[in-house]
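Notebook open, viewer loaded. I'll go through the fold, then the sheet, then the side chains.

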Amino acid sequence: MLQRNRLVLIGLLAALAASACASAGGTARPRTDVITAEEIEATRVSNLYELVQRLRPRWLDLRSSQSFTSDTQIVVYQGQSYLGGVEMLRQFGRESAHRLIYLDGPTASATLPGLGTRQVEAAIVINPVN
C-alpha cells in the first residue's frame with residue numbers, strides 16, 4: 001500500500017514537472033491534464049461532469065476499443081479511492097473539488113489502487129477541497 005502511494009505521488013509529481021518544464025521555455029501552453037482551482041471557480045456549472053464536459057471534453061471520450069475480456073473504461077477517483085465511471089462526476093458539485101487531474105491509462109494502471117483487471121483508458125482524479 002505504501003509503495004503504491006509512493007508511485008501515485010511520483011506519477012503526479014512527474015506530470016507537474018513536465019508541465020513546468022514545458023511552460024519554462026517562454027511559451028506558456030495551457031495544461032490539458034489538469035483543471036485548476038481557478039478554472040473551477042470561473043466556470044458556472046452544477047457538477048463536475050458538466051465542468052469536465054465544458055473545459056476538457058476529450059477527457060470523457062472513450063477512444064480505445066473493447067478488449068476481449070472486458071470493456072475499456074474511464075474511471076474516477078477521489079484521492080486514492082476508486083469511485084466508478086465518469087457518471088460519478090455528476091454526484092459532485094463543482095465546489096467539492098480543488099483540482100481535477102487526468103491520467104492516461106498506463107499511468108493510472110501503474111499508480112492507482114483498486115483497478116484489478118479493469119481495462120482502463122484513463123482516470124480522472126478529484127482532489128477535494130481541504
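**Entry 1: overall layout.** I started by counting elements and got four helices and five strands in the protein chain. Read from the N terminus, the order is α-β-α-α-β-β-β-α-β. Note to self: this is a predicted model. I then looked up burial, and 35% of the 130 residues count as buried. For contacts with a separation of 6 or more, I found that 66% come from residues 24 or more positions apart.

**Entry 2: the sheet.** In what order do the five strands sit in the sheet? I traced the order as 1-4-5-2-3, in an open sheet with mixed pairing. Strand 1 (34-35) and strand 3 (81-85) are the edges, each pairing on one side only.

I walked across the sheet from strand 1. Strand 1 and strand 4 run antiparallel and are joined by two bridges. Ile-35 has Leu-100 as its bridge partner in strand 4. Next come strand 4 and strand 5, again antiparallel, with seven bridges. There I picked out Asp-104, which is partnered by Ala-122 of strand 5.

Then the sense changes: strand 2 and strand 5 run parallel, joined by seven bridges. Ala-122 turns up here too, as the strand 5 partner of Ile-74. So I have Ala-122 noted down twice, once with Asp-104 and once with Ile-74.

**Entry 3: strand 2 and its hairpin.** Strand 2 covers residues 72-78 and pairs with strand 3 in the antiparallel sense, over four bridges. I checked two positions along this pairing: Val-75 faces Gly-85, and Gln-78 stands opposite Ser-81. The hairpin has two residues between the strands, and Gly-79 takes a positive phi near 60 degrees there. How many of the seven residues of strand 2 are buried? I get five, which makes the strand mostly covered.

**Entry 4: helix 3.** I moved on to helix 3 (residues 48-55), which lies across strand 1, strand 4 (97-104) and strand 5 (119-128). Its angle to strand 4 is about 60 degrees. The buried residues of this helix are Leu-48, Tyr-49, Leu-51 and Val-52. Why do they end up on the same side of helix 3? Because they span an arc of only 160 degrees around the axis. A reminder on the geometry: an α-helix has 3.6 residues a turn, so residues three or four places apart point the same way.

I also looked up what covers these buried residues, and the list includes strand 1, helix 2 (37-42), strand 4 and strand 5. At the N-terminal end, Asn-47 acts as the cap, with a side-chain oxygen 3.0 Å from the backbone nitrogen of Tyr-49.

Arg-54 also belongs to helix 3, but this residue is exposed, at 54% relative accessible area against a cut-off of over 50%. Leaving out residues up to four places away in sequence, I find Arg-54 touching Thr-43, Arg-44 and Val-45. Arg-54 and Thr-43 are eleven residues apart along the chain, and their C-alpha atoms are 8.5 Å apart.

**Entry 5: salt bridges.** Side chains of opposite charge can pair when their charged atoms come close. I searched for such pairs and the count came to three salt bridges.

- Glu-39 pairs with Arg-56, the closest N and O atoms being 3.0 Å apart. Glu-39 is in helix 2 and Arg-56 is in the loop between helix 3 and strand 2, so this pair ties together parts that are 17 residues apart in sequence. Buried or exposed? Arg-56 is buried, with 12% relative accessible area, while Glu-39 is partly exposed at 24%.
- Asp-33 pairs with Arg-31, and the closest N and O atoms are 3.0 Å apart here. Arg-31 is partly exposed, at 23% relative accessibility.
- Arg-90 pairs with Glu-87 at 2.6 Å, N to O. I looked up both partners: Arg-90 is partly exposed at 40%, and Glu-87 is partly exposed at 45%.

Terms used: Residues are numbered from 1 along each chain as its sequence is written. This is a predicted model: local features need pLDDT of at least 70, side-chain atom pairs count only at pLDDT 80 or more; totals for chains, interfaces and linings use all residues. Side-chain values use heavy atoms; hydrogens and water are left out. Two strands pair if DSSP finds at least two bridges between them. Contact means heavy atoms within 4.5 Å. Axes are lines fitted to C-alpha atoms, for helices over the stretch in contact, and angles run from 0 to 180 degrees between N-to-C directions. Buried means under 20% relative accessible area, exposed over 50%, partly exposed in between (1.4 Å probe, protein chains only). The arc is that of the directions from the helix axis to the C-beta atoms. A polar contact is a pair of N or O atoms within 3.5 Å; within protein, one must be able to donate a hydrogen and the other to accept it, and residues adjacent in sequence count only if both atoms are side-chain atoms. A salt bridge is a side-chain nitrogen of Lys or Arg within 4 Å of a carboxyl oxygen of Asp or Glu.
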